[in-house]
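The following exercises ask the reader to work from a sequence and its structure. Each task is followed by a solution in steps.

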Amino acid sequence: MKLAILSRNSKLYSTRRLVEAAREHGHSVRVLDPLRCYMRIASDGFSMRYKGKPIAGYHAVIPRIGASITRYGSAVLRQFELMDTFTPNSSDAILRARDKLRCHQLLAAERIGLPTTVFGDNPDDTHDLLSMLGAPPHVIKLNEGTQGAGVMLTEKLSASQGVIEALRGLYANFLVQEYIEEARGADLRCFVVGGRVVAAMKRQAPKGDFRSNLHRGGTAKGVRSSVEEEDVAIRAARVLGLGVAGVDLIRSRRGPLVLEVNASPGLEGIEDATGVDVAGEVVSYLAERVRRRAVKRAASR
């Protein structure tokens with residue numbers, strides 16, 4: 001298999017591990033900076049070049065596209081798709097996952113559990129908007145924040161209103177959610193590959209914080225997820241169209257609730273916490289999908 005990895009930095013842990021796993025499995029692999037890929041789009045076909053040379057012949061591409069380059073990175077990935085390269089996460093699936101509001105709407109439509117969420121635009125509606133949610137504490141999230149950035153906890157109604165007014169003054173897109181107190185600052189990251197959970201870890205927020213992200217000082221340990229938790233994680237990834245996803249769940253009195261679905265989940269934290277070769281699982285999944293495509297095409301000739 002000839003594999004491309006879209007990543008701005010080949011030295012990042014996740015990118016390095018995917019390269020190592022691909023080579024260990026005997027595949028050819030190259031890291032491409034998506035911002036150095038440029039495209040020709042025409043009715044007679046699609047092509048792409050990288051640093052002056054053609055990009056062609058790749059069987060699969062793994063997108064490791066950061067939030068800051070979502071628009072251009074997804075366009076590059078879409079070009080790969082149009083050039084008939086397999087990807088576990090399509091450009092449209094990544095866009096669905098990156099937009100928290102859209103993601104929550106799609107999950108709720110499939111009756112997947114999640115914290116109650118409200119969203120509004122007009123300042124005149126703030127009081128009624130919050131009444132739809134219920135009494136504080138409230139969790140306020142920027143719509144496209146990552147790694148716990150742009151997530152705030154407000155413990156009084158006046159604080160919620162103040163933060164909302166400030167964010168609207170900055171023309172920021174955000175949503176407001178109920179706070180699940182019984183979780184006690186912990187969540188569960190389920191790593192989904194090809195419709196199954198290959199690893200899971202419990203993350204715990206540091207003292208004085210409610211965000212469990214490892215980038216915010218949280219700690220992690222490998223755990224065995226329940227059948228119900230795995231079912232929710234797999235369904236969430238499937239609804240968004242993601243073959244590879246990090247699904248963050250919170251354990252509540254009403255069962256597992258989805259906090260977020262990450263289309264470019266990091267490997268370092270979960271590999272360290274669980275000892276699972278997650279990169280190898282991703283590469284094996286890709287190789288099997290590429291093999292199936294080849295068999296199907298050969299049979300149709």
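**Exercise 1. Determine in which sense strand 14 and strand 15 pair, and place them in their sheet.**

Step 1. Strand 14 (residues 244–252) and strand 15 are joined by 7 bridges in the antiparallel sense. Strands and helices here are DSSP runs, numbered from the N terminus: E of at least two residues for a strand, H or I of at least four for a helix. Two strands count as paired if DSSP finds at least two bridges between them. In general, the strands of a sheet pair through backbone hydrogen bonds, either parallel or antiparallel.

Step 2. Within this pairing, Asp248 is found opposite Glu260 of strand 15.

Step 3. The model is predicted: local features require pLDDT of at least 70 and side-chain atom pairs pLDDT 80 or more, while totals for chains, interfaces and linings use all residues. Residues are numbered from 1 along each chain as its sequence is written, and side-chain values use heavy atoms, with hydrogens and water left out.

Step 4. The sheet is open and has 5 strands in the order 13-12-11-14-15, paired antiparallel. Strand 13 (219–222) and strand 15 (255–262) each have a single partner strand, so one side of each lacks a neighbour in the sheet. On average, neighbouring strands are turned by 30 degrees against each other, direction ignored.

**Exercise 2. State which strands helix 9 lies across.**

Step 1. Helix 9 (residues 278–300) lies across strand 11, strand 12 and strand 14.

Step 2. The helix runs at about 35 degrees to strand 11. Axes are lines fitted to C-alpha atoms, for helices over the stretch in contact, and angles between N-to-C directions run from 0 to 180 degrees.

**Exercise 3. Find how many aromatic pairs the whole structure holds, and classify them.**

Step 1. The search finds 2 aromatic pairs. Rings of Phe, Tyr and Trp (its six-membered ring) pair if their centres lie within 6.5 Å; planes under 30 degrees apart are stacked, over 60 edge-to-face, and the rest tilted.

Step 2. For Tyr58 and Phe80, the ring centres are 6.3 Å apart and the planes stand at 80 degrees, so this pair is edge-to-face. Tyr58 belongs to the loop between strand 5 (53–54) and strand 6 (60–63), whereas Phe80 is in helix 2 (residues 70–82), 22 residues apart.

Step 3. Tyr58 is buried at 9% relative accessibility, and Phe80 is buried at 1%. Buried means under 20% relative accessible area, exposed over 50%, and partly exposed in between (1.4 Å probe, protein chains only).

Step 4. Phe86 and Tyr285 also form an edge-to-face pair, with 6.5 Å from centre to centre and 70 degrees between the planes. Phe86 lies in the loop between helix 2 and helix 3 (91–98), and Tyr285 in helix 9, 199 residues apart. Phe86 is buried at 10%, as is Tyr285 at 17%.

**Exercise 4. Describe the positions Glu260 and Asn262, listed by UniProt under "binding site".**

Step 1. The listing comes from an unreviewed UniProt entry. Its positions follow the numbering used here, feature names are shortened, and annotations may be inferred rather than shown by experiment.

Step 2. Glu260 is in strand 15 and is partly exposed, with a relative accessible area of 25%.

Step 3. Asn262 also lies in strand 15, and is partly exposed at 22%. Leaving aside neighbours within four places in sequence, Asn262 is in contact (heavy atoms within 4.5 Å) with Arg189, Val244, Ala245 and Gly246.
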